[in-house]
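Student: I've got a protein model open and I'd like to learn how to read it. Can we go through it together?

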Amino acid sequence: LWPLGRAIRYHVDASLPATDLRVALALREWRRETCLKFVACGGVGRGRGNGNGNGRASKCREPYMKFVQGKGVPHLGRQAGVTEVPVAAWYEARDVAMAVGRAVGLGYEHTRPDRDRYIHVAADAAQPDRRAAFDVDASSSGLG
């Protein structure tokens with residue numbers, strides 16, 4: 001879990017363009033709609049790093065989120081040290097916001113153990129090679 005009652009530190013890796021506002025927009029939405037707070041670390045501006053060109057954040061104390069260019073989804077919840085949040089080239093701010101939710105520990109609604117009490121999943125309507133994505137995660141509490 002992330003430290004209770006403290007802001008979540010984050011760093012935007014140099015692999016993302018300096019003009020990219022998707023992370024800022026996603027975090028603004030989280031700040032506006034939740035009690036979570038986020039604070040940039042690792043240098044001036046958007047948490048961009050230490051300027052040494054190696055993409056490492058020199059001033060981020062662990063734990064922190066690190067937004068990086070990449071595909072896939074972040075691990076569920078805080079990881080030891082650095083929690084990487086991949087941002088694919090095609091992501092919009094809402095996709096980054098969803099990735100932040102996963103990184104803070106929110107699982108997907110359609111895999112929660114109690115999902116059938118709230119939604120109907122028509123797994124048979126999914127492409128056969130994608131049906132496993134709709135399986136219930138019995139090991140999850142649903143809270144991350």
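Here is our chat about this model, which is a predicted one.

Student: Let's start with the overview: what pattern does the chain follow along the sequence?
Tutor: Begin with the parts list: the secondary structure comes to two helices and four strands. Now put those parts in reading order along the sequence, and the pattern you get is β-α-β-β-β-α.

Student: How much of the chain counts as buried?
Tutor: A residue goes in the buried pile if its relative accessible area is under 20%. The chain has 144 residues, and the share of them that counts as buried is 38%.

Student: Which strands pair with β1?
Tutor: Look for bridges. Three of them join β1 to β2, and these two strands run parallel; in that pairing, arginine 9 has valine 39 as its bridge partner. Three bridges also join β1 to another parallel strand, where valine 12 is partnered with phenylalanine 67 of β3. So the strands you're after are β2 and β3.

Student: And how many bridges join β3 to β4?
Tutor: These two strands run parallel. One partnership to look for is valine 68 with proline 86, which sits in β4. The number of bridges joining β3 to β4 is six.

Student: Is β1 enclosed or open?
Tutor: Check both sides of the strand. Ile8, Tyr10 and Val12 are buried on one side, and Arg9 and His11 are buried on the other. That makes five of the five residues of β1 buried, so the strand is largely enclosed.

Student: Which hand does the crossover from β1 to β2 have?
Tutor: Trace the chain from β1 through α1 and on to β2. With the strands pointing away from you, a clockwise path from the first strand over the helix to the second gets one name. This β-α-β crossover is right-handed.

Student: Now α1: how far does it reach from its first C-alpha to its last?
Tutor: Helix α1 covers residues 22-33, which is 12 residues. At 1.5 Å a residue you'd expect 16 Å, and the model comes close to that. Its reach is 17 Å.

Student: Why do the buried residues of α1 line one face?
Tutor: The buried ones are Arg22, Val23, Ala26, Leu27 and Trp30. Look down the axis of α1 and they line one face of the helix because they fall within an arc of 125 degrees.

Student: Which exposed residues does the face of α1 turned away from the buried side carry?
Tutor: First find the buried side: it packs against β1, β2, β3, β4 and α2. Then turn the helix around to the face pointing away from that side. There you'll find Arg28 and Arg32.

Student: What kind of aromatic pair do tyrosine 10 and phenylalanine 67 form?
Tutor: The structure holds two aromatic pairs, so let's take this one. Tyrosine 10 is in β1 and phenylalanine 67 in β3, so the pair ties together parts that are 57 residues apart in sequence. Tyrosine 10 is buried at 10% relative accessible area, and phenylalanine 67 is buried at 0%. The centres are 6.1 Å apart and the planes are at 80 degrees, making the pair edge-to-face.

Student: What about tryptophan 90 and tyrosine 91: which of the two is exposed?
Tutor: Their ring centres are 4.8 Å apart with planes at 85 degrees, so this pair is edge-to-face. Tyrosine 91 has a relative accessible area of 10%, so it's buried. At 62%, the exposed partner is tryptophan 90.

Student: Last one: is arginine 115 buried or exposed?
Tutor: Arginine 115 lies in the segment after α2. Leaving out residues up to four places away in sequence, it touches Glu109, His110, Val121, Phe134 and Val136. Its relative accessibility is 11%, and the cut-off is under 20%, so arginine 115 counts as buried.

Conventions. Residues numbered from 1 in each chain as written. Predicted model: local features only at pLDDT ≥ 70, side-chain atom pairs only at ≥ 80, totals over all residues. Heavy atoms only, no water. Expected span 1.5 Å × (residues − 1). Buried < 20%, exposed > 50% of the residue type's maximum accessible area, 1.4 Å probe, protein only. Arc of directions from axis to C-beta. Contact = heavy atoms within 4.5 Å. Phe/Tyr/Trp six-rings, centres within 6.5 Å; stacked < 30°, edge-to-face > 60°. Pairing = 2+ DSSP bridges.
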